[in-house]
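Open the model in your viewer and keep the selection panel at hand. The stops below go one selection at a time.

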Amino acid sequence: MQKHEWRKKEKNIYFPKPIPELINIPEFKFITIKGKGNPNNKLFSDCVGVLYAMSYAIKMNLKKMEPQPKGYCDYTVYPLEGIWDINDEAKKEFKGTINKDELVFQLMIRQPNFVEEELYFEILELTKKRKPNPLLGNVGFERIEEGKCVQMLHLGSYDNESESFKIMEEFMERENLNRLSMEHREIYLTDFRKVPSAKLKTVLRCKVG
């Protein structure tokens, strides 16, 4: 069976244009980890590292598994995603400016449909034995359905995302759409550990009603 390349076969989900669009996102499976604080801190990097370690462990173990799950085919590991918000105390006194130390996040990497929760836990236990990491105990398996969303591609530094969000908000107002919460999703199409900030590509997405 042909390898599944999300960059080629799921362009509508992962490659929007740098202008806002309305999209409906169905339920997908993810491995996830939660954290809080400044994303420039070591904890954030460690969370990213453990998610990629688990994602590649799942991919490589599936290749050797007999029998393989129904519907299995080789695939490219999906990109890192994050749901971002601010803590409850910050929300009480919010004045339009975000302090990165007050951020809360849930990082995740999508898994193929044929990866079931039972299989995930089996590979999690194997990974704990082969490559122990205290953060593995914080990694979970979730089904998440975003539903109706507005998204667009943001080009450049994360610090300039407010410019793209302003464009998205103007689009929502024109289309009579209401943003459902302050939280938003980011999908990292480029590796911020390797790519200069000016060349970063990030999908910005928020739920609307």
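A patch here is built from residues with over 30% relative accessible area and no salt bridge, nonpolar side chains being joined within 5 Å. Note before starting that this is a predicted model.

**Stop 1: a surface patch**

Select F94, I98 and M182. Together they make a nonpolar patch on the surface, with about 260 Å² of accessible area. F94 sits in the loop that runs between α4 (88–92) and β3 (103–111). Its relative accessible area is 34%, so F94 is partly exposed.

**Stop 2: helix α4 and the loop after it**

Select K92 and E89. Their side chains form a salt bridge, 3.1 Å from N to O. The two residues are three apart in helix α4, which means about one helical turn separates them. K92 is exposed, at 64% relative accessible area.

Next select K100 and D159, whose side chains meet in a salt bridge of 2.8 Å, N to O. K100 is in the loop between α4 and β3, and D159 is in the loop between β4 (140–155) and α6, so this pair ties together parts 59 residues apart in sequence. K100 counts as partly exposed at 30% relative accessibility, whereas D159 counts as exposed at 52%.

**Stop 3: a salt bridge between strands**

Select E81 and R185. The closest N and O atoms of this salt bridge are 2.7 Å apart. E81 belongs to strand β2 (residues 80–86) and R185 to strand β5, so the bridge ties together parts that are 104 residues apart in sequence. Are these two residues buried or exposed? E81 is buried, at 2% relative accessibility, and R185 is buried too, at 3%.

Add E146 and R205 to the selection: with E81 and R185 they are linked in a network of salt bridges. The count of salt bridges in the model comes to 15.

**Stop 4: the cavity**

Keep those four residues and add I13, Y14, F28, F30 and I187; this set lines the largest cavity. The cavity holds about 30 Å³ of space. A search of the whole structure finds one cavity of 30 Å³ or more. Which elements each supply at least two lining residues? They are α2 (11–14), β1 (21–36) and β5 (184–188). The lining divides into five nonpolar residues, four charged and no polar.

**Stop 5: helix α6**

Finish with K166, in helix α6 (residues 161–174). K166 counts as exposed, at 53% relative accessibility. Draw a distance from its C-alpha atom to that of P134: the separation is 39 Å, with the two residues 32 apart along the chain.

Note on methods
Residues are numbered from 1 along each chain as its sequence is written. This is a predicted model: local features need pLDDT of at least 70, side-chain atom pairs count only at pLDDT 80 or more; totals for chains, interfaces and linings use all residues. Side-chain values use heavy atoms; hydrogens and water are left out. Patches are made of residues with over 30% relative accessible area and no salt bridge: like charges are joined within 9 Å, nonpolar side chains (Val, Leu, Ile, Met, Phe, Trp, Tyr) within 5 Å. Accessible areas come from the Shrake-Rupley method with a 1.4 Å probe; for residues, only the protein chains shown count as cover. A salt bridge is a side-chain nitrogen of Lys or Arg within 4 Å of a carboxyl oxygen of Asp or Glu. Helices (H or I, at least four residues) and strands (E, at least two) are DSSP runs, numbered from the N terminus. Buried means under 20% relative accessible area, exposed over 50%, partly exposed in between (1.4 Å probe, protein chains only). On a 1 Å grid over the protein atoms alone, a cavity is a set of points where a 1.4 Å probe fits but cannot get out, and a pocket is an open set with protein on both sides within 12 Å along at least five of seven lines; lining residues have an atom within 4 Å of a point. Grid points are joined across faces, edges and corners, and a volume is the space filled by probe spheres set on the points. Ala, Val, Leu, Ile, Met, Phe, Trp, Tyr, Cys and Pro count as nonpolar, Asp, Glu, Lys and Arg as charged, and the others, Gly among them, as polar.
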